[in-house]
Amino acid sequence: MPDWLIFLAVILLLGTGWIIGRYQTLFSFSQSSTPPRSSQLFKGLNYLINEQPDQAIHYFVNMLEEDSESIDLQMVLAKLFRKQGEIDRAIIIHQRLLARPNLSDTSTLRIHIELAQNFYSAGLYDRAEQLLLETVAKKPDVRAIQLLFSVWSDQQEWLKIINQASSLKTLSEISRMQVVAACCEMAELNDEDAFTYLDKAERYKPNSLLLNYRYSEAYLGEGAGRKALKSLRKLISLDQSMIPIALPLVKRCFESALWGINYRTLLEDWFRVQPSMSLVKELLILIIQEEGEDSGKLFLIEYLKTHPSIPGLVQLVNLHVNSGHTQESSVLCLVRELCDQMVDQEKKFQCQKCGYQTLKMYWQCPGCRSWESVKPVYGLNSE
Ligand SMILES: [Zn+2]
């Protein structure tokens with residue numbers, strides 16, 4: 001569900017409550033009076049139903065602006081302004097709320113966090129950081145900590161995240177992942193201390209996909225293929241859909257070490273549970289090397305019968321393109337070109353939380369900023 005729909009749903013609930021209250025008040029004075037702002041609610045609703053959110057927001061904002069007493073309504077209004085990019089107006093609302101006498105500690109905390117969110121959204125990192133540090137010093141609120149770590153993460157202040165985390169007794173799941181990401185960044189920047197940072201990250205979230213991926217990279221950097229493969233096997237046991245991400249590193253593990261485990265047997269084991277195109281391509285090379293091209297073609301045809309896919313068709317065309325007549329080869333080349341174009345235009349990764357699609361792998365979704373939610377897409381044009 002898009003954020004703006006959630007906001008509008010909240011407004012509708014609040015608006016409906018307000019309208020009922022208004023009706024009750026007005027009816028106590030005059031049975032014939034019409035609620036003055038009900039038409040705004042219904043006009044807003046009408047625009048919402050007709051999928052015209054901007055016009056709907058206009059009516060709801062008017063309603064909320066007129067009700068300046070309720071802190072909750074004013075907070076929703078400020079959030080709406082922020083969502084629309086009108087951060088100055090959101091800041092003014094929050095500053096006005098803070099100026100109210102007799103604010104409870106809970107309300108002050110909520111307003112401070114929202115105000116810091118405004119500064120963060122406006123790129124005013126210093127002001128956001130200062131406000132959040134003061135807030136966290138008074139009370140280690142989960143949302144304040146997450147926001148503070150986001151501010152530092154955007155500025156690549158990895159050590160600040162790691163140090164602050166070590167001074168806190170409890171952290172939310174999201175913040176644990178923020179610390180893991182910070183440690184992984186530090187490990188990448190400091191080859192010599194890489195394992196110090198990765199081991200630190202492991203204490204916060206040992207089952208992080210990103211952490212196990214970075215461990216395997218660090219081990220490969222040292223030529224420790226067996227340990228790298230152990231991390232990659234853990235990554236895949238945590239999430240089999242990550243096989244296409246892990247596969248290039250798995251291949252490197254076998255290049256850097258001689259050992260008893262058979263590369264093809266390992267791939268065949270994974271293929272049985274997750275028959276992805278990346279595995280098919282790799283297995284195809286091995287089958288052709290060990291058994292010849294005919295066995296490769298047979299394997300691919302059997303795969304395509306149960307898992308029809310454009311990239312699979314390209315592989316099949318590749319196998320036939322050089323073995324036929326010149327005229328047939330040129331037709332096959334054309335088919336391959338068209339298929340490649342179709343595959344190239346397809347997004348290869350998708351966020352499982354917000355649906356954001358991308359050609360590149362991200363450990364943190366650029367759309368909703370969730371961690372480890374972007375996964376390879378499986379389908380006709382992809383894996
Ligand atoms: Zn997302």
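# Exercises on a predicted protein model

Residues 24 or more positions apart account for 47% of the contacts in the protein with a separation of 6 or more; two residues are in contact if their C-beta atoms, placed from the backbone, lie within 7 Å. This is a predicted model: local features need pLDDT of at least 70, side-chain atom pairs count only at pLDDT 80 or more, and totals for chains, interfaces and linings use all residues. Residues are numbered from 1 along each chain as its sequence is written.

## Exercise 1: Helix H7 and helix H8

Describe how H7 packs against H8.

Step 1. Locate the elements. H7 covers residues 125–138 and H8 covers residues 142–154. Helices (H or I, at least four residues) and strands (E, at least two) are DSSP runs, numbered from the N terminus.

Step 2. Give the geometry. The angle between H7 and H8 is about 145°, and their axes are 9 Å apart. Axes are lines fitted to C-alpha atoms, for helices over the stretch in contact, and angles run from 0 to 180 degrees between N-to-C directions.

Step 3. List the residues that meet. From H7 these are Tyr125, Ala128, Glu129, Leu132, Leu133, Thr135 and Val136; from H8 they are Ala144, Ile145, Leu147, Leu148, Val151 and Asp154.

Step 4. Sort by class. The contact of H7 with H8 has 10 nonpolar, one polar and two charged residues. Ala, Val, Leu, Ile, Met, Phe, Trp, Tyr, Cys and Pro count as nonpolar, Asp, Glu, Lys and Arg as charged, and the others, Gly among them, as polar.

## Exercise 2: Helix H9

Find which residues of H9 are buried and where they lie around the helix.

Step 1. Apply the cut-offs. A residue is buried if 20 or more other C-beta atoms lie within 10 Å of its own, exposed if 12 or fewer, and partly exposed in between, with C-beta atoms placed from the backbone. In H9 (residues 158–166), Trp158, Ile161, Ile162, Gln164 and Ala165 are buried.

Step 2. Look down the axis. The buried residues of H9 fall within an arc of 170°, so they line one face of the helix. The arc is that of the directions from the helix axis to the C-beta atoms.

Step 3. Check the other side. Asn163 and Ser166 are exposed there.

Step 4. Name the packing partners. The buried residues of H9 pack against H8, helix H10 (173–189) and helix H11 (194–204).

## Exercise 3: Two residues with positive phi

Compare the surroundings of Asn102 and Glu372.

Step 1. Recall the background. Most residues other than glycine have a negative phi.

Step 2. Take Asn102. Its phi is positive, about 60°, although Asn102 is not a glycine. Asn102 sits in the loop between helix H5 (87–98) and helix H6 (105–121). Asn102 counts as exposed because it has 5 C-beta neighbours inside 10 Å.

Step 3. Take Glu372. Its phi is near 55°, and its place is in the loop between strand S2 (357–358) and strand S3 (374–376). Glu372 counts as buried because it has 23 C-beta neighbours inside 10 Å.

## Exercise 4: The sheet

Work out the strand order and the edges of the sheet.

Step 1. Read the order. Three strands form an open antiparallel sheet, ordered S2-S1-S3. Two strands pair if DSSP finds at least two bridges between them.

Step 2. Find the edges. S2 and S3 each have a single partner strand, so one side of each is left without a neighbour in the sheet.

Step 3. Examine one pair. S1 (residues 349–351) and S2 pair over two bridges, and Gln350 stands opposite Gln357 in S2.
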